[in-house]
Amino acid sequence: MINTVNADNAIPQVALTPGEPAGIGPDLIIQLAQSGELQKKSHLVVIADIDLMLQRAAQLKLPLVLIPFDQLQVTKPLKAGELFIVPVKLREACQAGVLNSANADYVLETLTTATDGCIEGVFDAMVTAPVHKGIINDAGVAFTGHTEFLADRTNTQQVVMMLATQGLKVALVTTHLPLVDVPKTITSPLIKSVCRIVQKDLQRYFGLEKPRVSVLGLNPHAGEGGHMGREEIDHIIPAI
């Protein structure tokens, strides 16, 4: 159980969700835990099954010490090979590389715990490892991705996914749609709304006083004057 009373910690609390238990997520988090330098800058809190993490660490032949997370008691940085943990039990035993829809609910519980912890101020941020959307849907849960899950959990009407590097940031107008549905989804109001969000957040989170936002065309050669599609003429250029 997480104590939800805010503590005065100078080091940020970062929740890690390992995603699909049969996938690469647990391995990545265990390898991440080996970085002593990273541990000095943040408290890494994995939300996962204890046995799964220890089993995978043994397979990787890497040291791993899991420390129960109590926000009020967290005062010192972790050492290399250590992680704080909020335990969530797997529904069934897991083998690396073997998908099991019975564990879909486990994956969603880890995401819910991390998201709610951020909302309540327990965590300062969350980092998600890959999930397998297909296996979650096979379990009977309509799931299109982290983006939509977080929007629903936080009652956010519109979110924008951004892929960012040091020199390039790319925001997406649509996310997790069949390709055939993309053209009819793109409208001038949607493009304008996304651009406003991007502009505001580039200023707020990236310190760009006057960000320049370039808008890509949808069709080859941006529609070639309407000969290869009219989305640019009818929706994209008017929005710009």
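The following paragraphs lead the reader through one helix, a surface patch and the aromatic pairs of this structure. The model is predicted.

A suitable place to begin is helix H8, which covers residues 188-206 and has 19 residues. From its first C-alpha to its last, H8 reaches 26 Å, close to the 27 Å expected at 1.5 Å a residue. The buried residues of this helix are Ser-188, Ile-191, Ser-193, Val-194, Val-198 and Leu-202. They pack against strand E6 (161-164), strand E7 and helix H9 (231-239). Just after H8 comes Gly-207, which takes a positive phi of about 70°.

Strand E7, one of the packing partners of H8, spans residues 169-172 and contains Val-170. Val-170 has a relative accessibility of 31%, and it therefore counts as partly exposed, since that class lies between the 20% limit for buried residues and the 50% limit for exposed ones. Together with Leu-163 and Leu-168, Val-170 forms a nonpolar patch on the surface. The accessible area of these residues together is about 260 Å².

The aromatic residues form a further topic. A search of the whole structure finds three aromatic pairs. In one of them, the ring centres of Phe-143 and Phe-149 are 6.2 Å apart and the ring planes meet at 50°, so the pair is tilted. Phe-143 and Phe-149 are both buried. Elsewhere, Phe-69, Phe-84 and Phe-123 are linked into a cluster by ring pairs.

Notes. Residues are numbered from 1 along each chain as its sequence is written. This is a predicted model: local features need pLDDT of at least 70, side-chain atom pairs count only at pLDDT 80 or more; totals for chains, interfaces and linings use all residues. Side-chain values use heavy atoms; hydrogens and water are left out. Patches are made of residues with over 30% relative accessible area and no salt bridge: like charges are joined within 9 Å, nonpolar side chains (Val, Leu, Ile, Met, Phe, Trp, Tyr) within 5 Å. Accessible areas come from the Shrake-Rupley method with a 1.4 Å probe; for residues, only the protein chains shown count as cover. A salt bridge is a side-chain nitrogen of Lys or Arg within 4 Å of a carboxyl oxygen of Asp or Glu. Helices (H or I, at least four residues) and strands (E, at least two) are DSSP runs, numbered from the N terminus. Buried means under 20% relative accessible area, exposed over 50%, partly exposed in between (1.4 Å probe, protein chains only). The expected span of a helix is 1.5 Å times one less than its number of residues. Contact means heavy atoms within 4.5 Å. Rings of Phe, Tyr and Trp (its six-membered ring) pair if their centres lie within 6.5 Å; planes under 30 degrees apart count as stacked, over 60 as edge-to-face and the rest as tilted.
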